[in-house]
Amino acid sequence: MTLALTVLTTTDSPAKAQELARGAVEARLAACAQVSGPVTSVYHWRKAIETEEEWQVLFKTTEARYEELEAHLLAAHDYETPEVLATPVVRASAAYLAWLEAETTDAPDAAAAE
């Protein structure tokens, strides 16, 4: 059975968020990604409390692809310490899980390519 994950990151512009989303989906590291924002983030950074506008990117992937997705995000992200949080999906429909697994394999089947 496929263990599905949602993986969250944030960035400081909608264009960067869309670029992170597209890159991961094109590389088949995620079946899809959703960009939301702006959100207001409040956090500690370098001994100060910062407040910034950010965009969230939520990736849908499998546990098998997580390590590669994380490496991709760390390499593609321009933040010094980007947020990369993975949360297991406790329940999902069988059809969605089958789609998720098919879309995150290296070689899509003929039906998925159409």
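The side chain of Glu54 makes a polar contact with the side chain of Tyr79, at 2.7 Å. That pairing comes from a predicted model, and it is a handy way into the structure. A second polar contact links the side chain of Glu54 to the side chain of Ser41, this one at 2.4 Å. Glu54 itself sits in strand β3. Although Glu54 is buried, it has no salt bridge, and the nearest side chain of opposite charge, that of Lys16, is 9.6 Å away. So what surrounds this glutamate, leaving out residues up to four places away in sequence? Glu54 touches Thr10, Thr11, Gly37, Pro38, Val39, Ser41 and Tyr79.

Two of those neighbours, Gly37 and Pro38, deserve a second look. The peptide bond running from Gly37 to Pro38 is cis, with omega near 0°. Pro38 belongs to strand β2. As a rule, most peptide bonds are trans.

Now for the wider picture. The protein has four helices and four strands. Starting from the N terminus, these elements come in the order β-α-β-β-α-β-α-α. Along its principal axes, the C-alpha trace spans about 50 × 25 × 20 Å. The protein has 114 residues, and 33% of them count as buried. Among contacts between residues at least 6 apart in sequence, 73% join residues at least 24 apart.

The helix that comes after the opening strand is α1, covering residues 14-26. With its 13 residues, α1 reaches 18 Å from first C-alpha to last, close to the 18 Å expected at 1.5 Å a residue. Which residues of α1 are buried? They are Ala17, Leu20, Ala21, Gly23 and Ala24. Looking down the axis of α1, these buried residues fall within an arc of 165°, so they line one face of the helix. Behind this sort of pattern is a general point: an α-helix has 3.6 residues a turn, so residues three or four places apart point the same way. The face of α1 turned away from the buried side carries Ala15, Glu19, Arg22 and Glu26, which are exposed.

As for what lies over the buried residues of α1, the cover includes three strands, β1 (4-11), β2 (32-45) and β3 (48-62), along with helix α2 (63-76). Ala24 gives a one-residue view of this side of α1. Located in helix α1, Ala24 counts as buried because its relative accessibility is 0%. Setting aside residues up to four places away in sequence, Ala24 touches Leu29, Ala30, Phe59, Leu69 and His72. Ala24 and Leu85 are 61 residues apart along the chain, and their C-alpha atoms are separated by 15 Å. Just after α1 ends, Arg28 takes a positive phi of about 65°.

Arg28 has company when it comes to backbone angles. In general, most residues other than glycine have a negative phi. Which way does phi go at Arg46? Arg46 is not a glycine, yet its phi is positive, at about 50°. Lys47 is also a residue other than glycine with a positive phi, near 65°. Arg46 is placed in the loop between β2 and β3, and Lys47 has its place in the loop between β2 and β3 as well. Are these loop residues buried or exposed? Arg46 is exposed, given its relative accessible area of 60%, and Lys47 counts as exposed at 90% relative accessibility.

Arg46 also has a partner from elsewhere in the chain. The side chain of Glu80 makes a polar contact with the side chain of Arg46, at 2.3 Å. Glu80 is found in the loop between α2 and β4 (85-88), whereas Arg46 is in the loop between β2 and β3, so this contact runs from one loop to another. Apart from its neighbours within four places in sequence, Glu80 is in contact with Trp45 and Arg46. Glu80 is exposed, with a relative accessible area of 59%. Set beside it, the other glutamate described here, Glu54, is buried and has polar contacts with the side chains of Ser41 and Tyr79.

Technical notes:
Residues numbered from 1 in each chain as written. Predicted model: local features only at pLDDT ≥ 70, side-chain atom pairs only at ≥ 80, totals over all residues. Heavy atoms only, no water. Helix = DSSP H or I, 4+ residues; strand = E, 2+ residues; numbered from the N terminus. Expected span 1.5 Å × (residues − 1). Buried < 20%, exposed > 50% of the residue type's maximum accessible area, 1.4 Å probe, protein only. Arc of directions from axis to C-beta. Contact = heavy atoms within 4.5 Å. Lys, Arg positive; Asp, Glu negative; His and termini not counted. Salt bridge = Lys/Arg side-chain N within 4 Å of Asp/Glu carboxyl O. Polar contact = N/O pair within 3.5 Å; in protein donor to acceptor, adjacent residues only side chain to side chain.
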